[in-house]
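Colleague: Please take a close look at a single part of this model for me. Then show me how that part fits with the rest.

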Amino acid sequence: MLRKYHFSSQGAKEAPTRRLKDSNLVLLSRASRQELEQVCRTFDLAPLTFAYHSSPEEVSRYHKITSQFLPDAHLLVVYDFIEEATKIEEQLTPVIMIFNRDHLIICTNNAGPNQELIGRENNIIKFVATYVLQCQNKLMATLTSYKPIIDRLDAAAQNSFGNNELRQLTNLTRKLVFFEHTMNDQTETIEAFLNDPQINTSNVEALVSKLAIQQRRLTKAIHIFRDLLDSISGLFTEMMNSSLNNLMKFLDSAGLVIATAALVSGFMGMNVGGLPWKDSHVGFWLILGFSLFLAILISIYLKRKSYR
């Protein structure tokens, strides 16, 4: 959807009948290919500007762009979070912003800036900084929601584990991998954005500080959660190895006990002369008793040697 806004002293007002090139704010929310191509033609943007607008492979960045219609324009790409999506590839969605002093183009697969921000702010630099901060807050809230899951997995790792916990661990690790790589790129982008001279001269000092601090919080939270999951994953692996070792010890011990009895009965079952109790009516029971005695004796020995 393509929406056009005009900035006034009361903020941005939607102007659907206004010409696209005369709009101060152009919002592309889940836009079609035709709408993206129209914006590129109107504002003299490169055809591939929005090529990865809905892809997690899009790279967060901030740099100047060349446009005959938008002098001194910059392109800023950060990430937002779509709560309604089910897969992390769809939840982490890029926000592409192209702006100069008079125009702002926003392309996102999310709903875009909230109406409160649109209706309040008419300074483009402050608008961009505030919107980036809103995206950061969404990402931080999502990361915080993962903490109870990590705590449950940690508690399960202390006692026992099952297939459900292993699936949760795998899914959460996958999400944090996407988060980590995305935020590594975005950290450099936020630094470049905040170091731009035009940002520092736009009376947004408070927003600049908030953006820098929130990005550091995001990076720290991701690293902490990844380390916690790595420790839980390591504990799960050690518990599985320990269980497997105990099982193998038990099977080896049981095989040794059975093999001892089988060895005795095998010797006594040879079809040759001279075997003791060959003609005795109690020969079978004597051999059986002797085999059981040896099996019990070896079992006691193995148990005292801590073989389980």
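Modeller: One definition comes before anything else. Helices (H or I, at least four residues) and strands (E, at least two) are DSSP runs, numbered from the N terminus. On that basis, D230 sits in helix α7, residues 205–268. The model is predicted, so local features need pLDDT of at least 70 and side-chain atom pairs count only at pLDDT 80 or more, while totals for chains, interfaces and linings use all residues. Residues are numbered from 1 along each chain as its sequence is written, and side-chain values use heavy atoms, with hydrogens and water left out.

I picked the sheet and its surroundings. The chain as a whole has eight helices and seven strands. Seven strands form an open sheet in the order β2-β1-β3-β7-β6-β5-β4, and the pairing is mixed. Two strands count as paired if DSSP finds at least two bridges between them. At the edges are β2 (11–14) and β4 (61–65), each paired on one side only. From one strand to the next, the twist averages 25°. Axes here are lines fitted to C-alpha atoms, for helices over the stretch in contact, and angles run from 0 to 180 degrees between N-to-C directions.

Look at the β2 end. Strand β1 (residues 2–8) and β2 run antiparallel, joined by four bridges. In that pairing, S8 faces G11 of β2. In general, strands of a sheet pair through backbone hydrogen bonds, either parallel or antiparallel.

Next, the helices on the sheet. Helix α4 (residues 124–159) lies across β1, β3 (25–29), β5 (73–81), β6 (92–99) and β7 (104–108). Its direction makes about 25° with β5. Helix α5 (residues 163–194) also packs on the sheet and touches β4, β5 and β6. The direction of α5 is at about 150° to that of β5.

Now the rings. Rings of Phe, Tyr and Trp (its six-membered ring) pair if their centres lie within 6.5 Å; planes under 30 degrees apart are stacked, over 60 edge-to-face, and the rest tilted. That rule gives seven aromatic pairs. One of them is F43 with F69, edge-to-face, with 5.4 Å between centres and 75° between planes. F43 is in the loop between α1 (33–42) and β4, F69 in the loop between β4 and β5, and the two are 26 residues apart. Burial needs its cut-offs: buried is under 20% relative accessible area, exposed over 50%, and partly exposed in between (1.4 Å probe, protein chains only). F43 counts as buried because its relative accessibility is 0%. F69, at 29%, is partly exposed.

A second pair ties edge strand to helix. Y62 and F193 meet edge-to-face, 5.3 Å centre to centre, with 85° between the planes. Y62 belongs to strand β4 and F193 to helix α5, with their positions 131 residues apart. Y62 is buried at 13%. F193 is buried too, since its relative accessible area is 0%. Ring pairs also bring in F99, so that Y62, F99 and F193 form a cluster.

F193 leads on to helix α7. L211 lies in α7, and its relative accessible area of 0% means it is buried. Contact means heavy atoms within 4.5 Å. Beyond its neighbours within four places in sequence, L211 is in contact with A129, V132, L133, Q136, I190, F193 and L194. D230, in the same helix α7, is partly exposed because its relative accessibility is 43%. The C-alpha atoms of D230 and T173 are 8.6 Å apart, though 57 residues separate them in sequence.

Two loop residues deserve a check of the backbone. R30 lies between β3 and α1, with a positive phi near 50°. D44 lies between α1 and β4, with a positive phi near 55°. Most residues other than glycine have a negative phi. R30 is partly exposed at 47%, and D44 is partly exposed at 34%.

Finally, the whole chain. Its C-alpha atoms fill a box of roughly 115 × 40 × 30 Å along the principal axes. Of the 308 residues, 41% count as buried. Contacts between residues 24 or more positions apart make up 63% of those with a separation of 6 or more.
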